[in-house]
Structure formats: C-alpha cells, structure tokens
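Here are my notes for a colleague who is new to reading structures, set out as numbered points. Please keep the sequence and the model open while you go through them.

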Amino acid sequence: MFKNSARGSLGFHWKARYTVLSILWVGWLFSFLDRMVVSIALPFIGREFQLNAASQGMILSTFFAGYAIFQIPGGMLADKFGPRRVMAFAIVWWSVFTSLTGMVLSYPLMLICRFVFGIGEGCFPGSSFKTIAMYFPPKERATATAIQGSVNALGPAVASLVAAGIIAAFGWNMVFITLGIPGLVIGLAIWFYIKDNPAEHPHITPEELSELNLVSPDVSNSNISYQKITFKEFLQKPVLWQMLLIWFLFDITFWGFISWLPSYLMEVRGFSLLKTGFYGSLPFFIGTIGMLVGGYLSDCFKGNRKWLFIPSSLMAAFFIYMTFSVAASNMVIVYQSVAALFMFLAYAAFWGLVVDSIPADIMGAGSGMVNLGGQIAGLVSPFAMGHLIDLNKGSFDMAFAFLAIAAIGSAVVAFTVKIEALK
C-alpha cells in the first residue's frame with residue numbers, strides 16, 4: 001500500500017482519500033456483482049422453477065423494492081450516525097443474503113430473499129456519497145463520484161463473465177454462494193480504515209485537511225464551505241424533484257438494459273451462454289470508459305452539466321433503438337456497446353451535478369432521495385419489460401422501445417432544469 005506522504009518518481013502524491021475511494025470502489029463493485037449475476041442466472045432459475053418472463057422479471061423487481069425502501073432511511077442513518085457504521089453493516093448484510101440466494105428451494109423464498117437482500121444494499125449508496133463529500137474537495141467530487149460509479153458499468157461486465165463461467169461449471173446456485181464471501185472482508189476494511197470525520201483519520205495529511213477546510217481532529221466536517229440547510233428545506237427545492245424525475249426516467253432505461261440484455265442475446269439472437277457472457281460484457285467495459293470520461297468532462301462542464309447529460313441520453317436512446325431493430329447480430333454487438341458508452345457518459349454527468357450540489361451534512365439523505373427515483377425505476381422496469389415481452393409473444397421490440405422513450409424523457413426533463421445550487 002502507498003504511504004500517504006510518499007511521492008513516486010513522477011511526483012504523484014498518494015492521499016488518504018484515494019485509499020478511501022478505493023475501498024468504496026471495491027464495495028460498489030461487489031454490490032453490483034451480487035445484484036447483477038441474477039440477470040445471467042435468470043434463464044436457468046426460470047427453467048428450474050418453471051417461470052414465465054413476467055415472473056422472472058419479478059425476481060429482479062423484488063430486489064429493487066427493498067433497495068428503494070431503504071434509500072432515504074439509509075442516508076439519514078449515515079447523516080446521524082456516520083457512514084462507516086452504516087456501510088460496514090450494509091455490506092455484511094447483503095453478502096449473507098447473496099449466499100442464501102443460492103440455497104433457496106422455491107420461488108416465494110427467492111422473492112423474499114431478494115427483497116431482504118435489497119434492504120441491505122439500500123443503505124449503502126447514501127453513505128458512500130456522503131463519504132465522498134466528506135473526504136473530497138468540491139473541485140474533485142464529480143471525478144471521484146465517476147470513479148466510484150464506474151462499477152455501474154464494470155460490475156455488469158465482470159458479472160457477465162464470472163457468472164457465465166461459474167454457472168457453466170457448477171450451476172446457478174454456486175455463483176451466489178461464492179460471491180457472498182468477499183463482502184465480509186470488505187465490511188471489515190470499511191470498519192477499520194474509514195473514519196466518519198476525515199480530521200480523525202490517522203493517515204490524512206495537513207495538506208488534505210486544508211483542502212477540506214479542516215485543520216484538526218477537533219473540527220468537524222460540517223465546517224466544509226456550505227450554507228447550512230435542513231433536509232426539510234431541501235425537500236422544498238423544485239430542482240430536487242426535477243432531478244428525481246430525471247433519474248427515475250433514466251434508470252428505467254439503465255436497469256431495463258442491463259437486466260434483460262443477457263436474455264435478449266440468448267433468446268432472440270441465439271447466443272450461447274458463454275458467447276453471451278463475452279459479448280454481453282463488452283457494452284459495460286466500454287461503459288466503464290464512458291463513465292470515467294464522463295466524470296472528467298462533468299468537472300469541465302461544472303455549472304452546466306445538463307448540457308453533457310442531454311445529448312448523451314438522446315444518443316443512448318438512438319442506439320438502443322438500433323440494437324433491437326438491426327438484423328445482423330454482429331451489428332447488435334456494436335450498437336449495444338455504443339448505447340452503453342453514451343448511457344454511462346450521461347450517468348456520470350448527472351451524478352456530478354448531484355454530488356457537487358448537495359451540502360455534505362445532508363448528503364446521505366439528499367443523495368438517497370434522488371437515488372430513490374432510480375430505484376423505483378429499478379422496481380418498475382424489469383417487470384414492465386417482462387410483461388411487454390409476454391404481451392408480444394416473446395418479442396423484445398416493444399420492451400426496448402420503452403427503454404428508448406424513457407431515455408428521451410429524461411433528456412426532456414433535464415432541459416427544463418435551471419442550473420442552481422441546492423445548497
């Protein structure tokens with residue numbers, strides 16, 4: 001591990017906040033692995049429990065029910081008790097229920113397990129956004145958020161490869177049992193390394209504290225330069241509700257795309273399991289690049305981030321349309337990858353705006369409130385797509401058109417937002 005005071009041959013200074021971000025990144029990565037392998041396993045779960053597409057979609061949606069319910073409570077707990085406790089508890093909780101998912105013997109138990117699993121994960125996002133707000137100065141928050149958020153792209157990519165290999169060798173049950181184990185180690189790392197107050201961190205330097213306007217362990221992180229605002233006052237900001245609606249519409253596209261893409265490639269395009277694992281991962285590796293580039297550009301667009309979000313969301317909608325309308329399977333691979341690139345560019349632009357705008361002392365509840373819109377979308381989108389697929393006798397055309405329309409809607413709402421600080 002780098003020492004915080006060490007400088008490499010190129011003069012790079014490794015800071016305590018980079019290690020904090022690395023731990024958050026690993027935590028987010030396993031949160032996505034744990035939740036996304038179900039998309040690869042879904043056709044096999046469906047066959048074992050004899051489920052139609054709508055019932056399979058319900059497995060995906062029940063996770064989001066629990067996840068959505070605990071977005072705001074999880075953030076409020078982080079604001080009150082500190083993010084360290086909440087994050088450590090959350091990751092241990094969902095890791096246990098990840099392993100239990102592979103042990104269920106009936107469809108009702110599967111739904112219960114995925115719902116309770118979602119409750120644990122619902123406590124994590126607001127806590128992690130709050131941690132970034134505490135450890136990173138405003139000029140770096142969009143980039144830090146994009147690095148953390150890159151697992152939203154990389155997670156499904158790795159999940160596609162890992163799940164396909166394990167399922168092919170050992171069956172769908174073992175992929176869940178195995179992936180629950182690393183989360184216990186990550187929970188311990190969060191507990192022992194991250195501190196609720198950066199000024200109390202043993203490895204932080206005076207230079208880092210000065211960047212955060214913190215000068216000693218006796219100074220709380222509430223001294224970071226924000227005007228005080230209560231969560232109740234925050235709820236009265238019209239732009240908050242616009243952002244929640246943007247995220248709801250955008251996440252209909254996002255969750256529908258990543259949840260049903262593996263099934264689409266296998267059932268409509270005729271890809272094998274291993275071919276789906278490989279080609280299904282490509283959009284998300286490319287999306288990882290889009291997320292990181294989007295974070296950098298978002299900082300460049302500071303104050304006007306919606307003008308990065310709007311065209312990116314519209315381009316994502318166009319290439320989603322091209323994905324299901326093109327005849328050649330090789331072009332499906334190209335179009336789904338370009339769609340993912342623009343989708344994650346838009347993702348980074350949006351969260352750069354959110355994290356940069358919300359005061360640190362209510363970041364947990366504030367970001368949880370915005371993220372709630374996306375999790376409601378996660379509850380609605382997979383089930384709605386499954387229902388549309390059943391209505392169209394196995395055709396995915398209407399379901400993918402639904403995703404494209406939602407992405408366009410998010411861009412339209414973003415156009416109406418007046419750029420103003422929430423603080």
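1. At roughly what angle do the axes of helix α1 and helix α13 cross? In this predicted model, the axis of α1, which covers residues 16–49, comes within 8 Å of the axis of α13, residues 238–267, and the two cross at roughly 35°. The crossing of α1 and α13 is right-handed.

2. On the α1 side, the contact is made by Phe32, Arg35, Met36, Ser39, Ile40 and Pro43, while α13 contributes Phe254, Trp255, Ile258, Ser259, Pro262, Ser263 and Met266. Sorted by class, this contact of α1 with α13 holds nine nonpolar residues, three polar ones and one charged residue.

3. Helix α1 also takes part in a salt bridge, in which the side chain of arginine 17 meets that of glutamate 208 at 3.8 Å, N to O. Distant parts of the chain are linked by this pair, since arginine 17 lies in α1 and glutamate 208 in helix α11 (residues 206–211), 191 residues apart. The count of salt bridges in the model comes to five.

4. Turning to the surface, Val92, Val96, Leu100, Met103 and Leu184 make a nonpolar patch of about 380 Å². Helix α4, residues 83–101, gives the most to this patch, with three residues, and valine 96 has its place in α4.

Conventions:
Residues numbered from 1 in each chain as written. Predicted model: local features only at pLDDT ≥ 70, side-chain atom pairs only at ≥ 80, totals over all residues. Heavy atoms only, no water. Axes fitted to C-alpha atoms, helices over the stretch in contact; angles between N-to-C directions. Helix = DSSP H or I, 4+ residues; strand = E, 2+ residues; numbered from the N terminus. Left-handed = near helix turned anticlockwise from the far one by under 90°. Contact = heavy atoms within 4.5 Å. Nonpolar A, V, L, I, M, F, W, Y, C, P; charged D, E, K, R; others polar. Patch = residues over 30% accessible without salt bridge, like charges linked within 9 Å, V, L, I, M, F, W, Y side chains within 5 Å. Areas by Shrake-Rupley, 256 points an atom, 1.4 Å probe, with all protein chains shown as cover. Salt bridge = Lys/Arg side-chain N within 4 Å of Asp/Glu carboxyl O.
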